[in-house]
Every structure is written in structure tokens, then in C-alpha cells.
Amino acid sequence: MDSHSTNDESCMTELVSECCCITAATPPYRIIHANAAWCRATGYSQEAVIGRTCKFLQGPETCARTLQIMHEALVAMQPIAVRLINYRRDGTPFVNDLTIVPIRDSVNSPPTHFLGTLREQSLAVPPPIWPQHSSSSASEPFVPTQLQEALQREMPHPQLITERVPPFKVIHVNPAWCQLSGYPAEHLIGRPYTVLHGPQTERDLPLRLEEAFRNGSRYSCKATLSTASQQPFQA
């Protein structure tokens with residue numbers, strides 16, 4: 001990814017309310033950009049984090065096993081979603097539902113960067129505990145969420161995942177979806193799913209989908225969406 005496209009990605013993260021940072025795609029995964037929301041959440045200025053790794057967010061209660069699983073996903077250049085305890089600049093701990101997705105210049109190209117999205121949760125809901133596979137009473141907190149499982153089961157057919165709350169921003173699209181829609185993943189992540197709607201999209205589609213979202217129920221339908229070049233396609 002050249003400097004121009006990296007700047008475009010950095011500008012995009014400033015337009016979303018999510019706490020986002022962008023790192024290099026190769027070890028040690030140094031931060032190249034952190035948006036204002038991410039800086040407010042962590043207490044660090046952009047100047048203080050650029051060029052550093054995210055290790056400064058770790059502390060005594062950060063789960064080593066979770067970090068290992070996250071590192072393995074980065075090495076494999078796969079998306080990952082985990083929950084872990086991080087620390088702000090002032091030392092205050094917080095629960096972070098972290099999603100990391102690779103950024104590519106095109107569908108078939110290798111990742112050039114990673115986009116990390118920080119979502120703070122209440123400390124009153126601690127990370128779940130690893131299942132015990134031994135007689136040891138020690139346990140480590142880790143959250144293998146349904147989202148993580150969905151991301152790990154990369155589907156051959158187009159797959160798009162959004163947040164569970166309005167405006168239902170896109171947090172993951174697989175290469176098959178990018179190929180179908182003509183959008184690179186970095187142009188969709190962080191934006192409402194309605195970015196895919198066009199002039200021929202059924203008028204009542206948002207109402208039907210969002211009702212299903214709110215109810216947490218399955219919903220199947222055919223919809224006319226719009227590609228990046230504003231051509232209609234069926235999904």
C-alpha cells in the first residue's frame with residue numbers, strides 16, 4: 001500500500017466513531033495511525049504511539065494465552081476477534097473487545113496493514129475463563145466469541161459481518177464479498193451496511209433487515225445491492 005492509499009485509510013478512520021488504529025502487516029506490527037477516538041479511549045496522543053507496538057496497552061492482567069492466539073492470527077494474516085484486559089496511559093484497566101482485520105490493496109493481494117478496532121466493555125463483565133483441560137486450578141481469561149468463530153470459518157461464498165447495534169457498521173467482509181461487490185475491504189469496514197444500497201435496492205429492505213437485527217433472529221431474502229461502480233447485483 002503506497003503512502004497515498006495509507007493516508008486515505010487513515011482519513012477514513014477519522015470519519016468513524018469507532019476506536020481504530022492501523023499497524024504494519026509485518027512484525028513487530030508497529031502503529032502507523034491511531035484515530036482520535038482510539039487516542040481518547042487509551043489516553044495516548046497520536047505522537048506518543050506512532051512507530052510503537054501495542055504492547056504498551058498490556059499489563060499484569062492481560063491474558064498471555066489470548067495474546068498468543070492473537071499473534072498466531074496475525075502471523076497467518078487472518079482476522080481475529082478477542083476480549084482482553086488492556087490499560088490506559090494512566091494505568092486504568094479496561095475490557096477490550098478487539099477486532100483485527102487485514103487490509104489489502106486488492107482482493108487477491110497479501111495484506112499490507114492491519115486495522116484494529118477497540119470496543120470497551122464494562123469491567124463488571126470479566127473475560128470468560130478457559131475450559132480446564134488439566135487438574136490445575138489455575139485458569140486464564142479468554143473469550144472465544146461467536147464473532148471469532150465466524151471469522152475463523154472463512155466461507156467460499158460472500159460473507160459480510162456487521163455490528164449488532166445501529167447503524168450496523170461493517171466489521172468484516174471476506175474476499176468473495178469484495179470480489180462480488182467491487183469494494184476493497186478497507187472501503188467497507190467501519191461504514192454502515194447501507195453503503196451497499198443503490199437506486200434499485202428494495203425500499204423496505206432496511207426495515208426488514210433491522211427488525212431482524214433487533215430481534216436477533218435469522219432472516220433470508222434476495223436483495224438488489226449496488227457495486228462500487230454503481231452496478232446492481234443480486235445477493
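These are my notebook entries on what I looked up in this structure.

**Overview**

I began with the model itself, which is predicted. I counted the secondary structure of the protein chain and got eight helices and nine strands. I then checked burial: of the chain's 235 residues, 45% count as buried. I looked up the accessible surface, and it comes to about 12700 Å². Carbon and sulfur atoms account for 55% of that surface. I also looked at contacts between residues at least 6 apart in sequence, and 41% of them join residues at least 24 apart.

**Salt bridges**

How many salt bridges does the structure hold? I found three.

I took Arg83 and Asp97 to start with. Their side chains meet in a salt bridge at 2.5 Å, N to O. Arg83 sits in strand S3, residues 80-87, and Asp97 in strand S4, residues 93-104. The two are 14 residues apart, and the pair links distant parts of the chain. Are Arg83 and Asp97 buried or exposed? I found Arg83 buried, and Asp97 is buried as well.

I went on to Arg88 and Glu120, whose side chains form a salt bridge at 2.6 Å, N to O. Arg88 is in the loop between S3 and S4, while Glu120 is in strand S5, residues 111-121, so this pair ties together parts 32 residues apart in sequence. I noted Glu120 as partly exposed, with a relative accessible area of 42%.

The remaining entry is Arg208 with Asp204, a salt bridge at 3.1 Å, N to O. I looked up the accessibility of each partner. Arg208 is partly exposed at 23% relative accessible area. Asp204 also counts as partly exposed, at 38%.

**Nonpolar cores**

I turned to the largest nonpolar core and counted 22 residues. Which residues have the most contacts inside it? They are Leu115, Val173, Trp177, Leu188, Leu196 and Leu225. I then listed the elements that give two or more residues to this core. The strands are S1 (19-24), S4 and S7 (170-173). The helices are H6 (175-181), H7 (185-188) and H8 (205-215).

I followed up Leu225, leaving aside neighbours within four places in sequence. Leu225 is in contact with Trp177, Leu196, His197, Thr201, Leu205, Gln231, Pro232, Phe233 and Ala235.

Apart from the largest core lies another, of 14 residues. I noted Cys19, Tyr44, Leu57 and Phe94 among them. For background, nonpolar side chains tend to be buried together in soluble globular proteins.

**Helix H8**

Which residues of H8 are buried? I found Leu205, Leu209 and Ala212. Seen down the helix axis, the buried residues of H8 fall within an arc of 60°, so they line one face. A general point fits here: an α-helix has 3.6 residues a turn, so residues three or four places apart point the same way. I checked what covers the buried residues of H8, and the cover includes strand S8 (224-226). On the face turned away from the buried side I found the exposed residues Leu207, Arg214 and Asn215.

**Cysteines**

I searched the whole structure for disulfides and found zero. I then looked at several cysteines in turn. Cys178 is buried, at 7% relative accessible area. Cys221 is partly exposed, at 33%.

Cys39 lies in helix H2, residues 36-42. Cys39 is buried, with a relative accessible area of 11%. I looked up its contacts, setting aside neighbours within four places in sequence, and found Ala34, Tyr44, Ser45 and Gln46. I also checked Cys39 against Cys21, 18 residues apart along the chain; their C-alpha atoms are separated by 9.1 Å.

**Two single residues**

Where does Thr53 lie? I found Thr53 in the loop between helix H3 (46-49) and helix H4 (64-75). Thr53 counts as buried because its relative accessibility is 18%, and buried means under 20%. Not counting residues up to four places away in sequence, Thr53 touches Pro28, Tyr29, Arg30 and Ile31.

My last entry is Pro175, which lies in helix H6. Pro175 counts as partly exposed, at 33% relative accessibility. I paired Pro175 with Ser106, 69 residues apart along the chain, and their C-alpha atoms are separated by 9.0 Å.

Definitions and conventions:
Residues numbered from 1 in each chain as written. Predicted model: local features only at pLDDT ≥ 70, side-chain atom pairs only at ≥ 80, totals over all residues. Heavy atoms only, no water. Salt bridge = Lys/Arg side-chain N within 4 Å of Asp/Glu carboxyl O. Helix = DSSP H or I, 4+ residues; strand = E, 2+ residues; numbered from the N terminus. Buried < 20%, exposed > 50% of the residue type's maximum accessible area, 1.4 Å probe, protein only. Core = buried A, V, L, I, M, F, W, Y, C linked by side-chain atoms within 4.5 Å. Contact = heavy atoms within 4.5 Å. Areas by Shrake-Rupley, 256 points an atom, 1.4 Å probe, with all protein chains shown as cover. Disulfide = S-S within 2.5 Å. Arc of directions from axis to C-beta.
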